Amino acid sequence: MMKKRPFVLSRLSKLIISSSCSFSSVASGLNIALITGSTRTSGPPTVLGPRVNTFIQTTLEERGHTITHIDPKEFTLLQKPAFAYAPLKAPQELQECQSILQQADAYVCVTPEYNHSPSPALMNVLNHFGSSTFSFKPSAIVTYSAGQWGGTRAGVALRTTLSELGALPVSAMIHIPKAQEVINRDGSIVVTSEANDEEERWQKYCSRTFSQLEWWAVAARNHRVVVDPFDESPVF
């Protein structure tokens with residue numbers, strides 16, 4: 001008759017159980033890079049980017065995260081990506097931005113929709129860097145427009161780029177149609193109903209996407225402590 005062997009937790013199992021028990025507290029301290037896609041400063045039509053960016057940043061900060069804004073206006077049109085330079089030879093501004101992106105636990109991209117596509121300004125930022133900067137971390141997509149579709153087609157198109165960079169987008173996305181009627185200039189939600197529940201409804205809507213982002217970001221961050229992902233998938 002076989003003797004039952006005592007159940008022994010492996011180091012990885014202990015880490016997973018410990019991480020699961022403390023998820024709520026760990027998830028409240030993520031380092032998130034907010035990459036925005038609008039460079040417009042005047043209208044017409046109404047400039048919507050700043051108010052949407054403020055709303056998203058405030059929402060993430062209220063969830064306990066540290067947000068670093070990557071502004072596309074700080075980038076020149078792509079001439080040479082960061083990985084094409086010799087080590088430490090890239091322009092200082094590019095090195096600093098790359099460091100911010102590498103240290104981030106997750107990414108949130110906010111883009112308007114131009115011709116059914118993400119904004120050229122956002123793509124310009126992303127194309128300055130290779131997958132070694134973003135890989136093995138999650139991302140979330142936020143789109144907006146002045147019309148009824150909320151930039152959904154831009155969001156679908158952006159998923160391919162983020163996947164290629166290794167910053168896998170979570171399944172849920174945030175789409176904001178008629179953003180000028182939803183968000184005030186200061187980033188607060190417009191109140192129009194007697195129930196005064198617009199902010200609660202938008203926070204609940206955003207929570208679906210951001211809770212997915214938090215789950216994957218914590219999981220990836222914890223696993224990087226155990227396994228260096230670049231050991232089996234080295235940088236080119």
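Trainee: Where does the charged end of Lys80 sit?

Mentor: In this predicted model, the charged end of Lys80 is placed over the ring of Tyr85, at 4.5 Å from the ring's centre.

Trainee: Before going further into single residues, how many helices and strands are there in the chain?

Mentor: The chain has nine helices and six strands, and of its 236 residues 43% are buried. If one takes the contacts between residues at least 6 apart in sequence, 81% of them join residues at least 24 apart.

Trainee: How should I read a pair of aromatic rings, and how many aromatic pairs does the structure hold?

Mentor: Such a pair of rings is described by two quantities, the distance of the centres and the angle of the planes. The structure holds six aromatic pairs, and one of them is formed by Phe75 and Phe129, whose ring centres are 6.3 Å apart and whose planes meet at 85 degrees, so this pair is edge-to-face. Phe75 belongs to the loop between strand 2 (66-70) and helix 4 (92-103), while Phe129 belongs to the loop between helix 5 (120-126) and helix 6 (131-134), so the pair ties together parts that are 54 residues apart in sequence.

Trainee: Are Phe75 and Phe129 buried or exposed?

Mentor: Phe75 is buried, its relative accessible area being 16%, and Phe129 also counts as buried, at 2% relative accessibility. Both rings belong to one aromatic cluster, which is made up of Phe75, Tyr107, Phe129 and Phe134. Phe129 is also touched from helix 4, where Gln98 lies: with neighbours within four places in sequence left aside, the contacts of Gln98 are Ala82, Phe129 and Thr133. Gln98 itself counts as buried, at 18% relative accessibility, the cut-off being under 20%.

Trainee: Which parts does the pair of Phe136 and Phe230 tie together?

Mentor: Phe136 and Phe230 form an edge-to-face pair, with 5.3 Å from centre to centre and 90 degrees between the planes. Phe136 is in the loop between helix 6 and strand 5, and Phe230 is in the segment after helix 9, so this pair ties together parts that are 94 residues apart in sequence. Phe136 is partly exposed, with a relative accessible area of 35%, and Phe230 is likewise partly exposed, at 28%.

Trainee: Turning to the strands, why is strand 5 described as largely enclosed by the rest of the structure?

Mentor: The reasoning goes through the burial of its residues: six of the six residues of strand 5 (residues 139-144) are buried, so the strand is largely enclosed by the rest of the structure. Both directions are covered, since Ser139, Ile141 and Thr143 point one way and Ala140, Val142 and Tyr144 the other way, and all are buried.

Trainee: Which strands pair with strand 5?

Mentor: Strand 3 (residues 106-114) runs parallel to strand 5 and is joined to it by six bridges, and strand 6 (residues 174-176) pairs with strand 5, again in the parallel sense, over three bridges. Thr143 is a convenient residue to follow here, being the bridge partner of Thr111 and standing opposite His175 in strand 6. Between strand 5 and strand 6 the chain passes through helix 7 (residues 152-164), and this β-α-β crossover is right-handed.

Trainee: How should I read a nonpolar core, and which residues touch the most other members in the largest one?

Mentor: In soluble globular proteins, nonpolar side chains tend to be buried together. Here the largest nonpolar core has 28 residues, of which Ile32, Val52, Ile56, Val108, Val110 and Ile176 touch the most other members. Elements that each supply at least two residues of this core include strand 1 (31-36), helix 3 (49-62), strand 3, strand 5 and strand 6, but helix 9 gives the most, with six residues.

Trainee: With which residues is Val52 in contact, leaving aside its neighbours within four places in sequence?

Mentor: Those contacts of Val52 are Val110, Tyr144, Ile176, Ala179 and Ile183. Apart from this core lies another, of 23 residues, among them Ile35, Ala90, Leu126 and Leu162.

Trainee: Where is His65 found?

Mentor: His65 is in the loop between helix 3 and strand 2, and at 5% relative accessibility it counts as buried. His65 and Asn31 are 34 residues apart in sequence, and their C-alpha atoms are 6.2 Å apart in space.

Key:
Residues are numbered from 1 along each chain as its sequence is written. This is a predicted model: local features need pLDDT of at least 70, side-chain atom pairs count only at pLDDT 80 or more; totals for chains, interfaces and linings use all residues. Side-chain values use heavy atoms; hydrogens and water are left out. Buried means under 20% relative accessible area, exposed over 50%, partly exposed in between (1.4 Å probe, protein chains only). Helices (H or I, at least four residues) and strands (E, at least two) are DSSP runs, numbered from the N terminus. Two strands pair if DSSP finds at least two bridges between them. A crossover is right-handed if, with the strands pointing away from the viewer, the path from the first strand over the helix to the second runs clockwise. A nonpolar core is a set of buried Ala, Val, Leu, Ile, Met, Phe, Trp, Tyr and Cys residues joined through side-chain atoms within 4.5 Å. Contact means heavy atoms within 4.5 Å. Rings of Phe, Tyr and Trp (its six-membered ring) pair if their centres lie within 6.5 Å; planes under 30 degrees apart count as stacked, over 60 as edge-to-face and the rest as tilted. A charge sits over a ring if NZ of Lys or CZ of Arg is within 6 Å of the ring centre and within 35 degrees of the ring normal.
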